[in-house]
Amino acid sequence: MSVMDYLNRKHKVMNCVFEILYDLYGEPTWLRKPKDGQEPEKIIEQWITELGSYSEVQLRQACYNLFKYKKVATFPKLAHLLAELSDQEKECEQAQKQDTGKYRYFCIEHELMQRDIENNCCVHIITDYKYAADYVLSVMLKDVMGIEEYKNLEAKYKNDWPLMQGKKYRKAMELGLFNNFDKILDKVAKERRHG
């Protein structure tokens, strides 16, 4: 991707950070006249990677603070902005803390079994529901999402297993993987009984 492609991208780092810093400090030397070994595309990509998890409000404030308190006299380096943001939570971390909705501490097998009890069609034990739900969330979901995306989901929430399960359940529901759960349940129960 060229520098112009990055600059034309509708990414908050480009729309917010570069726009503000460019107005305050002018064009960065690494973009105008890069030194040997400096690749503007890679620098921009690194800015997007490092700053992309912060909200636009946080990014704007960090830019204005650098200028207001005269912390740098020329176009700031990425390290300057990261230092300015160091005491703030990233947007994704805030969202994770706020995500205490229905699926955060949700016992999937219990809910599925309860649904069947209410519909007078429960013929399996709770462990059958657990194995069937695990099959959907660990085998079927991985197949549909793809191994890479599935691993990324697990890595993102590796320190919060209930939240990870909730995210997997929500994704599986969106993809319709629980639509034929009764058939999956029958199959898993049969395999557990008969090997």
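Is Trp47 buried or exposed? Trp47 counts as buried, because its relative accessibility is 2% and buried means under 20%. This is a predicted model. Trp47 takes part in ring pairs, in a nonpolar core and in many contacts. The briefing starts there, then turns to a pocket and two loop residues.

**Aromatic pairs**

- A pair of aromatic rings is described by the distance of the centres and the angle of the planes.
- The structure holds 10 aromatic pairs.
- One of them joins Phe18 and Trp47, with 5.0 Å from centre to centre. The planes of Phe18 and Trp47 stand at 45°, and the pair is tilted.
- This pair links distant parts of the chain. Phe18 sits in helix α2 (residues 12–25), and Trp47 sits in helix α4 (residues 40–51). The two are 29 residues apart.
- Phe18 is buried too, because its relative accessible area is 7% and the limit for buried is under 20%.
- Trp47 also pairs with Phe75. Their ring centres are 6.1 Å apart and their planes are at 45°, so this pair is tilted.
- The Trp47 and Phe75 pair again links distant parts of the chain, 28 residues apart. Trp47 is in helix α4, while Phe75 is in the loop between α5 (56–68) and α6 (78–85).
- Both Trp47 and Phe75 are buried.
- Ring pairs tie Phe18, Trp30, Trp47 and Phe75 into a cluster.

**Nonpolar cores**

- In soluble globular proteins, nonpolar side chains tend to be buried together.
- The largest nonpolar core here has 25 residues. Val17, Trp47, Leu51 and Leu81 touch the most other members.
- Which elements each supply at least two residues of this core? They are α2, α3 (29–32), α4, α5 and α6.
- Helix α2 gives the most, with eight residues.
- A second, separate core has 23 residues. Among them are Ala133, Leu141, Phe178 and Leu185.

**Contacts of Trp47**

- Leaving out residues up to four places away in sequence, Trp47 touches Val13, Val17, Phe18 and Leu21, among others.
- Its contacts also include Trp30, Gly52 and Phe75.
- Pro76, Lys77, Leu78 and Leu81 are on the list of Trp47 contacts as well.

**The largest pocket**

- Rolling a probe the size of a water molecule over the atoms shows where empty space is left.
- The largest pocket holds about 300 Å³ of space.
- It is lined by 16 residues. Thr29, Trp30, Phe75, Pro76 and Lys77 are the closest to its centre.
- Two elements, α3 and α4, give two or more residues to the lining.
- By class, the lining has eight nonpolar, four polar and four charged residues.

**Two residues with positive phi**

- Which residue has a phi near 50°? Lys70 does, and this positive value occurs in a residue other than glycine.
- Lys70 is found in the loop between α5 and α6.
- Lys70 counts as exposed, because its relative accessibility is 68% and exposed means over 50%.
- Asn120 is not a glycine either, yet has a positive phi of about 55°.
- Asn120 lies in the loop between α8 (108–118) and α9 (126–145).
- Asn120 is exposed, with a relative accessible area of 74%.

Terms used
Residues numbered from 1 in each chain as written. Predicted model: local features only at pLDDT ≥ 70, side-chain atom pairs only at ≥ 80, totals over all residues. Heavy atoms only, no water. Phe/Tyr/Trp six-rings, centres within 6.5 Å; stacked < 30°, edge-to-face > 60°. Helix = DSSP H or I, 4+ residues; strand = E, 2+ residues; numbered from the N terminus. Buried < 20%, exposed > 50% of the residue type's maximum accessible area, 1.4 Å probe, protein only. Core = buried A, V, L, I, M, F, W, Y, C linked by side-chain atoms within 4.5 Å. Contact = heavy atoms within 4.5 Å. 1 Å grid on protein atoms, 1.4 Å probe; cavity = no way out; pocket = protein on both sides within 12 Å on 5 of 7 lines; lining within 4 Å. Points joined across faces, edges and corners; volume = space filled by probe spheres on them. Nonpolar A, V, L, I, M, F, W, Y, C, P; charged D, E, K, R; others polar.
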